[in-house]
Amino acid sequence: MPFHTLTDHCPPGSRVMLWGRPNTFKTTAIVETWPRPIHFISLPGEKGYETIPQVEGITSHVWAVQDLALVSPASVLREMEEITAQVLGRQHGPVTTLAVEGLHKVYDYAYDAALNDLLAGDKKDQGAEVFRGPAYGIAHKTVMRYLNKVSAANVEYLVVTCWEGDKKDDPKNRQANAPTHKAPQLPGQLADAITGEFGVSVRSTIKRKSPTELAGQWQLLPDGQVHGCAVKVPLEIAKGLPRTMPQDFRLLQLLLQGVPQAEAAERWLASLKGGV
């Protein structure tokens, strides 16, 4: 029976959206700081799997074909659903963290599959333009349906990655220099709605510590330029959260539990050094 009575609290940060520009250490942060065993599902078109090490406790599931021209969008979506079901069914071993990488990539397949289905049923030969709008709506539902499945699955931690994009503050403003903000790189209202599907939506960035050293940084709280950050915690905990923090899920969990910033940082650093 899918419905059950909630008797135990979910661990803090059990469902996380991690979004940002390419090469901002999203995959690296998952590898180094999320609980293992981790299963990575690199969605079709995602290239970040090259940074995933082949070590004990980490399993990568990568989509690859010999000839992309022979693959239909609908078959890609079916294969994505199949590997996800296999991982969640523990057919590939135990899993504590499910990492789904490249959500922005799969949307194109969902849209193409929807448009192809609509065109196949076009008895009046109306043409593709008539069906583009409805195809977007169907694609939105396809992506959200997939996310709902993995979010409700029996896995302790879920983290989904997505690229960052510039979205217009006013979608109706057609000016070339219209004001924009940062958000997950998904079309239309999905870019805003997607953050509501996760307990934590974090923007991944990098900053230069020295001419030769880069450091990863997470942004937890939104501002005028960044709209896609969100943290679902009690108000008293939210008031104590930092705007930005190092890219470490273990530190994030402490903060989500309401541990004060200074104490959380001290405990986190001690754990990195092997302390208590």
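Start with the largest cavity in this predicted model: it holds about 30 Å³ of space. The count comes to 1 cavity of 30 Å³ or more. To bring up its walls, select Leu-77, Met-80, Val-106, Ala-110, Thr-142, Val-143 and Tyr-146, the residues that line the largest cavity.

Now colour that selection by class. The lining has 6 nonpolar residues, 1 polar residue and no charged ones. Which helices do they come from? Show helix H2 (73-88), helix H3 (103-120) and helix H4 (129-151) as cartoons, and you'll have the three that each supply at least two residues of the lining. H4 gives the most, with 3 residues.

**Next stop: strand S2**

Select residues 38-42, which make up strand S2. Is this strand enclosed or open to the outside? Buried here means under 20% relative accessible area, and 5 of the 5 residues of S2 are buried, so the strand is largely enclosed by the rest of the structure.

Keep the side chains on for a moment. In a regular strand, side chains alternate between the two faces of the sheet. On S2, look for Ile-38, Phe-40 and Ser-42 on one side, then turn the view to find His-39 and Ile-41 on the other. Both faces are covered, and each of these residues is buried.

Add the strands that pair with S2. Select residues 58-62 for strand S3, which pairs with S2 in the parallel sense over 5 bridges. If you want one bridge to zoom in on, go to Ile-41, whose partner in S3 is His-61. Then select residues 97-101 for strand S4, also paired with S2 in the parallel sense, over 5 bridges. Here, try His-39: its bridge partner in S4 is Leu-98.

**Last stop: Gly-228**

Jump along the chain to Gly-228, in the loop between strand S8 (213-219) and strand S9 (230-231). Is this loop residue buried or exposed? Its relative accessibility is 2%, so Gly-228 counts as buried.

What is around it? Leave aside the neighbours within four places in sequence, and show Trp-19, Lys-182, Pro-184, Thr-195 and Ser-201 as sticks: Gly-228 is in contact with each of them.

To finish, draw a C-alpha to C-alpha distance from Gly-228 to Asn-154: your viewer should give 26 Å, for two residues that lie 74 apart in sequence.

Methods: Residues numbered from 1 in each chain as written. Predicted model: local features only at pLDDT ≥ 70, side-chain atom pairs only at ≥ 80, totals over all residues. Heavy atoms only, no water. Buried < 20%, exposed > 50% of the residue type's maximum accessible area, 1.4 Å probe, protein only. Helix = DSSP H or I, 4+ residues; strand = E, 2+ residues; numbered from the N terminus. Pairing = 2+ DSSP bridges. Contact = heavy atoms within 4.5 Å. 1 Å grid on protein atoms, 1.4 Å probe; cavity = no way out; pocket = protein on both sides within 12 Å on 5 of 7 lines; lining within 4 Å. Points joined across faces, edges and corners; volume = space filled by probe spheres on them. Nonpolar A, V, L, I, M, F, W, Y, C, P; charged D, E, K, R; others polar.
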